[in-house]
Amino acid sequence: MTVGLSSLPQQRQADVLAALCALETDSGPVRAASYRALAEPALREVVRETLAAAGRVLVETGMGYTSGYDDGIADRLATEGIGVLPQDDRAVLTIVLPLSVAIPRAEGKLPPEAPWIRGHPVPRERLYDAQVPNGVVTAALRRLREAGITHEASGGVRAGPQFERLTTAMSTTIFEELLLLADPRGPLADAIRRRRATSVPRSAESPVREEEW
């Protein structure tokens, strides 16, 4: 059983609060070695409990820790239309993610365990070749970049640091939605639909929502 934040000595409370501040505000993962409350298991559990009280969770990435919404809270917010990306931004993001991650994974050019932010950069020219007007693409890319949802690297666009705030379940759901979009009649899409038909429905299959965005 863990100790609550208020039961800790003042210095340990300060350690937890410092870690929480970094988790909620840093643009990328926070290294455990940089914060005592993340490096020590007992204090890390206090961090988890404090985040949970606000509907948040501690997310472990390959580079450290971030924080994100609890899946149930994220579902409810999306259902209520809170934090959902505008239609133009969703349209452009739906072009970026398959080209950057889903298709390279399917072709074996990107390891299945590779994080979203390590996807292949998508040249802007490919985005402008889509059926979305160029002006809409340009404006949406600017908003997505400013929100940390996309990132420009190696002359192209790929998923940004906000994707490191997704829980494993939410990340899997988004990837499955991309598979359903890219190949709705394929064997993977059939397998996804069969599994979902026998499980509890998730409202996470509603429009892509903003994390901290």
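How many nonpolar, polar and charged residues does the lining of the largest pocket have? In this predicted model, the lining comprises ten nonpolar, six polar and five charged residues. The pocket itself has a volume of about 490 Å³. Of the 21 residues that line the largest pocket, Pro115, Trp116, Phe163, Leu166 and Ser171 are the closest to its centre. Two elements, strand 1 (56-61) and helix 8 (168-182), give two or more residues to this lining. The largest share, four residues, comes from helix 8.

The largest nonpolar core consists of 33 residues, among which Val92, Leu93, Leu97, Trp116, Leu127 and Phe163 touch the most other members. At least two residues of this core are supplied by each of helix 5 (87-106), helix 7 (134-146), strand 5 (156-159), helix 8 and helix 9 (187-197). Helix 5 gives the most, with eight residues. A second core, separate from this one, has 15 residues, including Ala19, Val47, Leu51 and Leu58. In soluble globular proteins, nonpolar side chains tend to be buried together.

Trp116 appears both among the residues closest to the centre of the largest pocket and among the core members with the most contacts to other members. When residues up to four places away in sequence are not counted, tryptophan 116 touches Leu97, Val101, Ala159, Phe163, Leu166, Ser171, Ile174, Phe175 and Leu178. Of these partners, Phe163, Leu166 and Ser171 are also listed as closest to the pocket centre.

Leucine 178 is placed in helix 8. With a relative accessibility of 6%, leucine 178 is below the 20% cut-off and therefore counts as buried. Its contacts, leaving aside neighbours within four places in sequence, are with Leu97, Pro98, Ala102 and Trp116. Leu97 and Trp116 are both among the residues that touch the most other members of the largest core. Leucine 178 is also 9.6 Å from alanine 189, C-alpha to C-alpha, at a separation of eleven residues in sequence.

Threonine 61 lies in strand 1, one of the elements that give two or more residues to the pocket lining. Threonine 61 has a relative accessible area of 17%, which is under 20%, so the residue is classed as buried. Its side chain reaches the backbone nitrogen of methionine 63 at 3.1 Å. Not counting residues up to four places away in sequence, threonine 61 touches Pro29, Thr66 and Glu164.

Note on methods
Residues numbered from 1 in each chain as written. Predicted model: local features only at pLDDT ≥ 70, side-chain atom pairs only at ≥ 80, totals over all residues. Heavy atoms only, no water. 1 Å grid on protein atoms, 1.4 Å probe; cavity = no way out; pocket = protein on both sides within 12 Å on 5 of 7 lines; lining within 4 Å. Points joined across faces, edges and corners; volume = space filled by probe spheres on them. Nonpolar A, V, L, I, M, F, W, Y, C, P; charged D, E, K, R; others polar. Buried < 20%, exposed > 50% of the residue type's maximum accessible area, 1.4 Å probe, protein only. Polar contact = N/O pair within 3.5 Å; in protein donor to acceptor, adjacent residues only side chain to side chain. Contact = heavy atoms within 4.5 Å. Core = buried A, V, L, I, M, F, W, Y, C linked by side-chain atoms within 4.5 Å.
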